[in-house]
Amino acid sequence: MVTTLEPTKYDQVEEALKDVMDPELGVNIVDLGLVYDLGWDDENNALIISMTLTSAGCPLTDVLEEQTAEALDGVVEAFRINWVWMPPWGPDKITDDGRDMMRALGFSI
């Protein structure tokens with residue numbers, strides 16, 4: 001059963017995930033709006049990250065999983081990424097900070 005993360009742990013995990021960069025866009029997965037939900041699997045004592053990609057055919061899931069493992073080292077002992085496609089990702093999911101980062105990289109958004 002997946003339960004809600006306590007607010008302090010949620011903030012800690014979210015901050016750690018800001019170190020995970022989308023390899024194509026150069027912006028972190030949190031500010032890109034790729035992370036849809038964070039939960040806790042009590043049965044397996046693991047973080048569950050529900051997230052998506054900018055496109056369903058993106059071949060970089062392995063890269064993102066490796067970066068996520070590095071970012072969460074020392075924050076949680078175990079995690080699982082639940083790849084979701086609904087709702088589909090769109091630019092409307094990018095945070096204000098993410099928009100600023102993209103503009104700084106030369107994207108028109």
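In this predicted model, strands β2 and β3 form a hairpin with four residues between them, and asparagine 45, which sits in the turn, has a positive phi of about 50°. The hairpin strands belong to an open sheet of four strands, which has the order β1-β2-β3-β4 and mixed pairing. Helix α1, residues 7-17, packs on this sheet, while helix α2, residues 61-72, lies across β3 and β4.

**The sheet as a whole**

- The open sheet, with its strand order β1-β2-β3-β4, has as its edge strands β1, residues 2-4, and β4, residues 79-83, each of which pairs on one side only.
- On average, and with direction ignored, neighbouring strands of this sheet are turned by 35° against each other.
- Helix α1 touches both β2, residues 35-41, and β3 where it packs on the sheet, and the direction of α1 makes about 130° with that of β2.

**Strand pairing, from β1 to β4**

- Strands β1 and β2 run antiparallel and are joined by three bridges, and within this pairing threonine 3 has tryptophan 40 of β2 as its bridge partner.
- The pairing of β2 with β3 is also in the antiparallel sense, here over six bridges, and leucine 38 stands opposite isoleucine 49 of β3.
- Strand β3, which covers residues 46-51, pairs with β4 in the parallel sense over five bridges.
- Two partners in β4 can be named for this parallel pairing: isoleucine 49 has isoleucine 81 as its bridge partner, and serine 50 has asparagine 82.
- Isoleucine 49 therefore appears in two pairings, standing in β3 opposite leucine 38 and having isoleucine 81 as its bridge partner in β4.

**Burial of the inner strands**

- Strand β2 is mostly covered, since five of its seven residues are buried.
- Strand β3 is largely enclosed by the rest of the structure, because six of its six residues are buried.
- In a regular strand the side chains alternate between the two faces of the sheet.
- In β3, Ala46, Ile48 and Ser50 point one way and Leu47, Ile49 and Met51 the other way, and all of these residues are buried.

**The two helices**

- Helix α2 runs at about 145° to β4, one of the two strands that this helix lies across.
- Helices α1 and α2 pack at an angle of about 130°, and their axes are 9 Å apart.
- The two helices are therefore oblique to each other, given that angles between 115 and 145 degrees fall outside the perpendicular and antiparallel ranges.
- The crossing in which α1 passes α2 is right-handed.
- The contact between the helices is made by Val13, Ala16 and Leu17 on the side of α1, and by Thr68, Ala71 and Leu72 on the side of α2.
- By type, the residues of this contact divide into five nonpolar, one polar and no charged.

**Threonine 68, a buried residue of α2**

- Threonine 68 has its place in helix α2, and this residue is one of those that make the contact with α1.
- With a relative accessible area of 0%, threonine 68 is buried, because buried means under 20% relative accessible area.
- When its neighbours within four places in sequence are left aside, threonine 68 is in contact with Leu17, Val20, Ile49, Phe79 and Ile81.
- Among these contacts, Ile49 and Ile81 are also bridge partners of each other in the pairing with β4, while Leu17 also belongs to the residues of α1 that make the contact between the helices.

**Two partly exposed loop residues**

- Serine 55 is found in the loop between β3 and α2, and at 36% relative accessibility this residue counts as partly exposed.
- The C-alpha atoms of serine 55 and glycine 90 are separated by 9.3 Å, although the two residues are 35 residues apart along the chain.
- Glycine 26 has its place in the loop between α1 and β2, and with a relative accessible area of 36% this residue is partly exposed.
- Not counting residues up to four places away in sequence, glycine 26 touches Met21 and Leu105.
- Glycine 26 and glutamate 65, which are 39 residues apart in sequence, are 16 Å apart in space, C-alpha to C-alpha.

Key
Residues numbered from 1 in each chain as written. Predicted model: local features only at pLDDT ≥ 70, side-chain atom pairs only at ≥ 80, totals over all residues. Heavy atoms only, no water. Pairing = 2+ DSSP bridges. Axes fitted to C-alpha atoms, helices over the stretch in contact; angles between N-to-C directions. Contact = heavy atoms within 4.5 Å. Parallel < 35°, antiparallel > 145°, perpendicular 65-115°, else oblique. Left-handed = near helix turned anticlockwise from the far one by under 90°. Nonpolar A, V, L, I, M, F, W, Y, C, P; charged D, E, K, R; others polar. Buried < 20%, exposed > 50% of the residue type's maximum accessible area, 1.4 Å probe, protein only.
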